[in-house]
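Here is a friendly tour for anyone who likes to read a fold with the model open beside the text. Please take a moment to turn the structure around before reading on.

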Amino acid sequence: MQSGMVLMEEGKDPTVTARTNQSRGFPQRLLQILVGFFLLCVVFSAISMYMVRYSGFQSAVATARPSFQLCVEKPSNGLEQWIRPPSKLMHNMTDQELFWRATFMPRMKNYPFDRVPKIAFMFLTKGPLPLAPLWERFFNGHEGLYSIYVHSLPSFQDQFPASSVFYRRQVSEWGKMSMCDAERRLLANALLDISNEWFILLSESCIPLYNFSVIYHYIMKSKYSFMGAFDDPGPFGRGRYNSNMAPEVNITQWRKGSQWFEVNRKLAVYIVEDTKFYPKFSDFCKPSCYVDEHYFPTMLTIQAPNLVANRSITWVDWSRGGAHPATFGRADITEEFLKRVLEGQSCFYNNQPSSVCFLFARKFAPSALDPLLLVAPKYLGY
């Protein structure tokens with residue numbers, strides 16, 4: 001019995017030992033299977049990568065690259081985004097946003113790129129530009145030296161062909177439509193082009209009295225901006241002053257002048273960034289006080305008296321009397337008339353006496369276009 005029991009117990013040990021040996025053999029086979037599977041995956045992956053790399057991957061990248069470039073703008077040498085003019089004049093900025101953006105101004109005088117200074121010709125009009133063909137001839141051949149901006153009533157849509165210098169030069173319309181608001185809006189849009197150095201305000205009835213080269217050099221070489229500003233002690237001058245404008249504006253600082261100006265970039269920024277004088281004129285210059293006759297002359301006389309020539313270079317004729325200057329039509333365009341406009345003038349230019357006092361003239365009716373086109377080559381130089 002005891003020996004049988006011992007045998008049974010001894011017989012039990014071999015069984016357990018066999019199972020243990022089987023369990024040890026099973027992980028080895030499993031490990032071999034896993035290693036084989038891993039090697040198979042490595043080989044398959046290498047083949048797949050080789051095929052993708054040399055067949056489909058290059059075409060996939062070539063296809064995806066253009067769409068990626070559309071999403072991420074390429075940095076164009078750093079300064080490019082700052083110095084190139086806006087591709088489109090129409091935008092959705094409010095006046096507040098536009099004025100804020102327009103007053104960005106470099107403080108260093110030397111530009112780190114080849115900057116060609118331009119003149120911004122800003123047309124303030126209710127509708128069409130009937131004298132556009134004359135201006136087209138004036139601008140012809142001087143591309144890169146000028147910019148054009150047109151501010152008209154929002155209901156007006158220009159019909160200029162794509163070949164015209166006025167094509168799509170209408171600025172966006174926001175805010176109130178008073179004269180000075182429109183003028184500040186024109187200046188702000190023109191300031192967005194860093195190459196614009198001078199800013200000339202014109203109406204649809206204005207014409208240039210000299211060719212482009214003469215006007216460009218006259219303007220660019222001037223030490224002063226051109227803004228008429230004088231102290232009129234009468235009822236149409238100081239008589240329009242409101243004491244509520246003090247202390248920002250005292251009556252001794254009150255000025256009157258023509259709204260048609262020619263200012264450099266520094267003064268243009270002064271006009272656009274102004275928040276000190278604008279509220280006073282908005283609140284207290286009411287009819288018979290006309291903001292466009294007093295706001296800019298008064299503000300610049302206070303802000304920059306040494307930078308203003310204190311005269312306008314836009315000729316007008318008040319000799320016929322009335323509240324508005326004379327308008328000239330077809331019958332007025334004669335040799336005698338042009339000589340009267342161009343000759344017999346005396347003024348100061350850069351503190352020196354000069355006989356060239358006016359570069360532009362107004363007011364010309366649409367009927368004056370054809371005779372002006374005929375006489376322009378001989379008398380106006382274009």
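The report below goes from overall confidence to helices, pockets and a few backbone details.

**Model and confidence**

This is a predicted model, in which local features need pLDDT of at least 70 and side-chain atom pairs count only at pLDDT 80 or more, while totals for chains, interfaces and linings use all residues. Residues are numbered from 1 along each chain as its sequence is written, and side-chain values use heavy atoms, with hydrogens and water left out.

The protein has a mean pLDDT of 82 (pLDDT being the predictor's confidence in each residue, from 0 to 100). Of its residues, 75% reach 70 or more. Residues 1–24 have a pLDDT below 50, and beyond near neighbours in sequence this stretch has zero contacts in the model (a contact means heavy atoms within 4.5 Å). Residues 54–75 also stay under 50 in pLDDT, and the model has four contacts for them beyond four places in sequence.

**Overall build**

Eleven helices and nine strands make up the secondary structure (helices are DSSP runs of H or I with at least four residues, strands are runs of E with at least two, and both are numbered from the N terminus). Of the 382 residues, 40% count as buried (buried means under 20% relative accessible area, exposed over 50%, and partly exposed in between, with a 1.4 Å probe and protein chains only). Among contacts with a separation of 6 or more, 81% are between residues 24 or more positions apart.

**Two helices with a buried side**

Which residues of helix α3 (residues 95–102) are buried? They are D95, L98, F99 and A102. Seen down the axis of α3, they fall within an arc of 95 degrees, so they line one face of the helix (the arc is that of the directions from the helix axis to the C-beta atoms). Q96 and W100 are exposed on the other side of α3. The cover over the buried residues of α3 includes α5 and α7.

Helix α4 (residues 132–139) has A132, L134, W135, F138 and F139 buried. These residues cover an arc of only 155 degrees around the axis, which puts them on the same side of α4. As background, an α-helix has 3.6 residues a turn, so residues three or four places apart point the same way. After α4 comes G141, with a positive phi near 90 degrees.

**Pockets**

The two pockets in the table were found on a 1 Å grid over the protein atoms alone, where a pocket is an open set of points with protein on both sides within 12 Å along at least five of seven lines, and lining residues have an atom within 4 Å of a point. Grid points are joined across faces, edges and corners, and a volume is the space filled by probe spheres set on the points.

| Pocket | Volume | Lining | Nearest the centre |
|---|---|---|---|
| Largest pocket | about 1200 Å³ | 36 residues | Q259, W260, D292, E293 and R362 |
| Second largest pocket | about 420 Å³ | 13 residues | M105, P106, M108, K109 and Y111 |

The elements giving two or more residues to the lining of the largest pocket are α5 (179–191) and α9 (291–303). By class, that lining has 14 nonpolar, 13 polar and nine charged residues (Ala, Val, Leu, Ile, Met, Phe, Trp, Tyr, Cys and Pro count as nonpolar, Asp, Glu, Lys and Arg as charged, and the others, Gly among them, as polar). In the second largest pocket, helix α7 (residues 265–273) gives the most to the lining, with four residues. The lining there has six nonpolar, one polar and six charged residues.

**Loops and backbone details**

S195 is in the loop between α5 and β3 (196–203). Is S195 buried or exposed? S195 counts as buried, at 13% relative accessibility. Beyond its neighbours within four places in sequence, S195 contacts R115, V116, P117 and K118.

Most residues other than glycine have a negative phi, and most peptide bonds are trans. N310, in the loop between α9 and β6 (314–315), has a positive phi of about 60 degrees although it is not a glycine. N351, in the loop between β7 (347–349) and β8 (352–354), has a positive phi of about 70 degrees and is not a glycine either. N310 is partly exposed at 45% relative accessibility, and N351 is partly exposed at 47%.

A cis peptide bond joins P287 and S288, with omega about 10 degrees, and S288 is in the loop between α8 (278–284) and α9. Another cis peptide bond joins R362 and K363, with omega about 10 degrees.

Definitions and conventions
1 Å grid on protein atoms, 1.4 Å probe; cavity = no way out; pocket = protein on both sides within 12 Å on 5 of 7 lines; lining within 4 Å.
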